[in-house]
Amino acid sequence: MKTTSRFLLLAPLLLAVLLLAAFAAPKLKKTTVSKNITVGVPKGFAALPDDGIAVKYPAPRKPLAVFSNPNGRVDFSVAQKPSTFSDRDYGLLLKIYKASIQNMYSKVEFLAEDIRTINKRDFVVLEFVSTVADTRRGSNLAPIRRYQMVQYTITGDQLTVFTFVAPADERAQWQPTAQAVMQSISMK
């Protein structure tokens with residue numbers, strides 16, 4: 001009888017502790033990406049070596065850095081490319097990149113689309129769930145769904161793109177981490 005009543009008294013406290021732990025801020029490690037960029041990378045994520053980046057992100061211009069979780073299903077990347085836009089063009093950039101994303105995928109559900117100031121710098125922010133469906137006749141492949149958060153900023157003549165990507169079915173787990181990573185970006 002005493003054990004049962006103790007458990008009934010402690011159960012709400014235990015539940016509260018578990019809920020707080022589940023929604024606790026993700027642990028980030030301050031990481032230097034370049035001489036002008038630092039960001040909080042989730043603990044447990046590792047930087048991909050150049051050959052790993054080349055395999056996972058085949059493109060003429062490789063990202064500055066890519067960090068992956070231990071199973072390789074979740075990535076955070078930082079890329080830069082020349083741009084003719086200026087820091088006065090964020091409204092236009094938001095429209096252009098939103099349209100580009102909509103054209104890139106079969107379906108896009110936008111969760112956020114705005115311009116935010118983070119650590120005294122403006123960013124175009126697009127957060128969404130993308131779906132790529134194989135529409136070839138006779139194909140029975142399941143659609144690929146991804147949760148993505150992308151931030152764009154202009155520095156001089158460079159566009160810097162920060163991208164967090166996770167499987168859509170793991171969005172609840174990774175969305176707070178993606179948001180914390182994006183809030184940690186610091187650029188000189």
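User: Hi! Which residues does leucine 64 touch, not counting residues up to four places away in sequence?

Analyst: Good place to start! This is a predicted model, so we read the contacts from its atoms. Leucine 64 sits in the loop between helix H2 (50–56) and strand E4 (65–68). Leaving aside residues up to four places away in sequence, the residues touched by leucine 64 are Val33, Ile37, Val78, Ala79 and Gln80.

User: Is leucine 64 buried, partly exposed or exposed?

Analyst: Let's compare its value with the cut-offs. Buried means under 20% relative accessible area and exposed means over 50%. Leucine 64 has a relative accessible area of 36%, so the label is partly exposed.

User: How far apart are the C-alpha atoms of leucine 64 and serine 34?

Analyst: Along the chain, these two residues are 30 residues apart. In space, the separation of their C-alpha atoms is 7.7 Å.

User: What is the order of the strands in the open sheet of three strands?

Analyst: The pairing in this sheet is antiparallel. E1 and strand E2 (residues 37–42) are joined by six bridges, and one of the partners across them is valine 41 in E2, matched with lysine 29. Putting the three strands in line gives the order E1-E2-E10.

User: Which strands stand at the edges of that sheet?

Analyst: Look again at the order E1-E2-E10. An edge strand here has a single partner strand, so one side of it is left without a neighbour in the sheet. That description fits strand E1 (28–34) and strand E10 (186–187).

User: Which helix lies across E1 and E2?

Analyst: The helix in question covers residues 171–183 and runs at about 160° to E2. Its name is helix H4.

User: Why does the salt bridge of aspartate 50 with lysine 62 tie together separate parts of the chain, and how many residues apart are they?

Analyst: The closest N and O atoms of this pair are 3.1 Å apart. Aspartate 50 lies in helix H2, while lysine 62 belongs to the loop between H2 and E4, so the bridge connects parts whose separation in sequence is 12 residues.

User: Lysine 56 forms a salt bridge with aspartate 75; is aspartate 75 buried or exposed?

Analyst: The closest N and O atoms of lysine 56 and aspartate 75 are 3.0 Å apart. This pair links helix H2 with strand E5 (residues 75–82). Lysine 56 counts as partly exposed at 33% relative accessibility. Aspartate 75 has a relative accessible area of 6%, so aspartate 75 is buried.

Terms used
Residues are numbered from 1 along each chain as its sequence is written. This is a predicted model: local features need pLDDT of at least 70, side-chain atom pairs count only at pLDDT 80 or more; totals for chains, interfaces and linings use all residues. Side-chain values use heavy atoms; hydrogens and water are left out. Two strands pair if DSSP finds at least two bridges between them. Helices (H or I, at least four residues) and strands (E, at least two) are DSSP runs, numbered from the N terminus. Contact means heavy atoms within 4.5 Å. Axes are lines fitted to C-alpha atoms, for helices over the stretch in contact, and angles run from 0 to 180 degrees between N-to-C directions. Buried means under 20% relative accessible area, exposed over 50%, partly exposed in between (1.4 Å probe, protein chains only). A salt bridge is a side-chain nitrogen of Lys or Arg within 4 Å of a carboxyl oxygen of Asp or Glu.
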